[in-house]
Structure formats: structure tokens, C-alpha cells
Amino acid sequence: MPSVEDLKRRDHRKLVVVDNRIALLGGRNLSHEYYTGFDEVALSPDSMWREVPWLDGGARVEGPAVGVLERSFHDAWREAGGESFNIDEVAAAGPTPVRVVIHRGLQDAYTLEAYVALIDTAMSRVDVVNGFPLILEIQHALLRALRRGVRVRTLFGNLTPTHDGVPFGGPWSTARTAATSFVHSRMDALIAAGGEGYLFRVARRPSWAPEIRTVSSHVHAKMMCVDGRVCAVGSANLDITAGYWESELMLIVEDPSLAAALEARVDGLTAGSMRIDPNDPEWQTLARRRQWMRHWPGVLSV
């Protein structure tokens, strides 16, 4: 029977490198829910949760960073028993400065440290898109930012997608709904401290059954943007598993135009989502019910 270490120590990176020219990285695995749009599915109340698209994101990279990413694949390939291969130098493709952060399981915590460093250097605002239970190191960094007067905005979802507040059915839906409570419990402290929390929602699409008005889906994207100057995207969730156990990839981009475009995209997503009102009696009731989850052992986080 596999141990906890066997289950949690995995290569969680998502990477494609083509002809040593272009690299694709981000949060998307090779499954339909990562690539299907909300306009492309005929949802009904009887749909299974796996039929509902998820919110995800990634980056296309050219230039010298492609060589760094290909080297990360090469090293993992060699560790798995594959033969070595040559990696050519890659010429610059533009002026945008980027940094590749590679996290190798229990050997280091580089992606976690990068997230915390970005938050700790924030002066005006931090946007976080994340659908997994915040590791306490990041939660505490965000709370520190709030105390400094930084605007903190978080976008999260439901691990079991819902329609008009009703979970879609399917295998493991009950367990995923319980895990959703754990995710939300790690947001409660931020919202109580003055952070902006948005529950991801999508308005009705023509292909959906008439009785479905809104869908709150799973947020699988892993993204952070700070002060309109720097942003990060990759495979690393902001949870304990990605922070310590799994191998991950992250791309940090220091470019105000790209950061502004990403912030504008978050603006659009939050505009259609539900902002959590800390004074809402329903939310307060749910927060009290899941308050015990703050004591849940972080090492067992989903």
C-alpha cells in the first residue's frame, strides 16, 4: 500500500517544449476540463461535475528561458532512466525579463519562497488566483500585506462545481465538496482582515439548460500579480503539497504591460464573480462551521 510520501511526492509540472523554440507551461493537464470553454458544453442539472470546465491558465515562452525549461525536463528525464540529449543555446526573443523557478520536491521550497517574496515586496496590491487550501506561510504573508495597507484580492472556486449553489453530481463529489470547505476556511482569515475574496462564477451560456443561471466552477489556475509590475504563473498551487512535496515550475515575468494585461483579465473574472461580504450572515455561519479546519494538519492538506 502506498505511503503518504509515495502519494504526495510526484512531478506536478506541466511542460511542453517544441523544437527548442517554444515552451508551454502552466496549470493545465491533458484532460477535457482544462481546455473546454464554458460556451462549448451543454450543461444541465444532471451533468456530472467532470463535465464542467475549470478555470486555468498558462504561458507561452520563447527565448533563453526555453533552454532552462528544456533543461528541467532533461534532468527529470535522466532521473527517470532516460538517455541524455543535447540542448542548444536559445537566442533572445524580446526584451521582457523572465525568471524560471524550478522546485524539486522535498529538496527545496523555491516556488513557495518566490510567492512569499513577491507578497512581502508588494506596496499597493496583490492579486491571487488559487483554488487550493492556502499554505499558512502564504496566508500569513498576505495578512502581513493587509496590515501594511496593501490591497489583497483573491479569486477561488469550488472543487465540486455548483449550479446556482447546488453541487453537480458524480464520483467523489461529496469528498470534493468537503475539500471545498477546507479551501474556503483558509480564505476566511483574509476576508475577515479586510481582503477581497471572490467566488468564481460564470453567467448562463446559450448551450446550458434554461434552469441553470450561474455556475461556480473549480479554479485550477495558479497565478499571482503584484503592484502591476510583476506576475507569476505555473503549476505550483499555493498549498502545502506544491510548496514542499511536489516538483513544480513557475515563470516570473517582470513587465508592467504584461502585468497590467493580466490584472485586467482578473478584473474581468472578478466582475462576473461573487464578492464575499464578511458581514453576510450566511457566509458567517459557514465560516463558523469550518472554523475547526484551521487546526487541520497542514501536512495532510489536499
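This dialogue looks at aromatic rings in a predicted model.

Reader: What makes Tyr 34 and Trp 54 an aromatic pair, and why is the pair called edge-to-face?

Author: The structure holds four aromatic pairs, and in this one the rings lie 5.2 Å centre to centre with 75° between the planes. Rings pair if their centres lie within 6.5 Å, and planes over 60 degrees apart count as edge-to-face, so Tyr 34 and Trp 54 meet both conditions.

Reader: Where in the chain do the two residues of this pair lie?

Author: The pair links distant parts of the chain, since Tyr 34 belongs to helix 2 (residues 32-35) while Trp 54 lies in the loop between helix 2 and strand 3 (58-62), 20 residues apart.

Reader: Why is Tyr 34 called buried, and why is Trp 54?

Author: Buried means under 20% relative accessible area; Tyr 34 has 11% relative accessibility and Trp 54 has 9%, and therefore each counts as buried.

Reader: Why is the pair of Phe 73 and Trp 77 called stacked?

Author: Planes under 30 degrees apart count as stacked, and because the planes of Phe 73 and Trp 77 are 20° apart, with 5.8 Å centre to centre, the pair is given that name. The two residues are four residues apart in helix 3 (residues 64-79), which means that about one helical turn separates them.

Reader: How do you know that Phe 73 and Trp 77 are partly exposed?

Author: The relative accessible area is 40% for Phe 73 and 41% for Trp 77, and because partly exposed covers the range between 20% and 50%, both residues fall within that class. Ring pairs also link Phe 73 and Trp 77 with Phe 85 into a cluster.

How values were computed
Residues numbered from 1 in each chain as written. Predicted model: local features only at pLDDT ≥ 70, side-chain atom pairs only at ≥ 80, totals over all residues. Heavy atoms only, no water. Phe/Tyr/Trp six-rings, centres within 6.5 Å; stacked < 30°, edge-to-face > 60°. Buried < 20%, exposed > 50% of the residue type's maximum accessible area, 1.4 Å probe, protein only.
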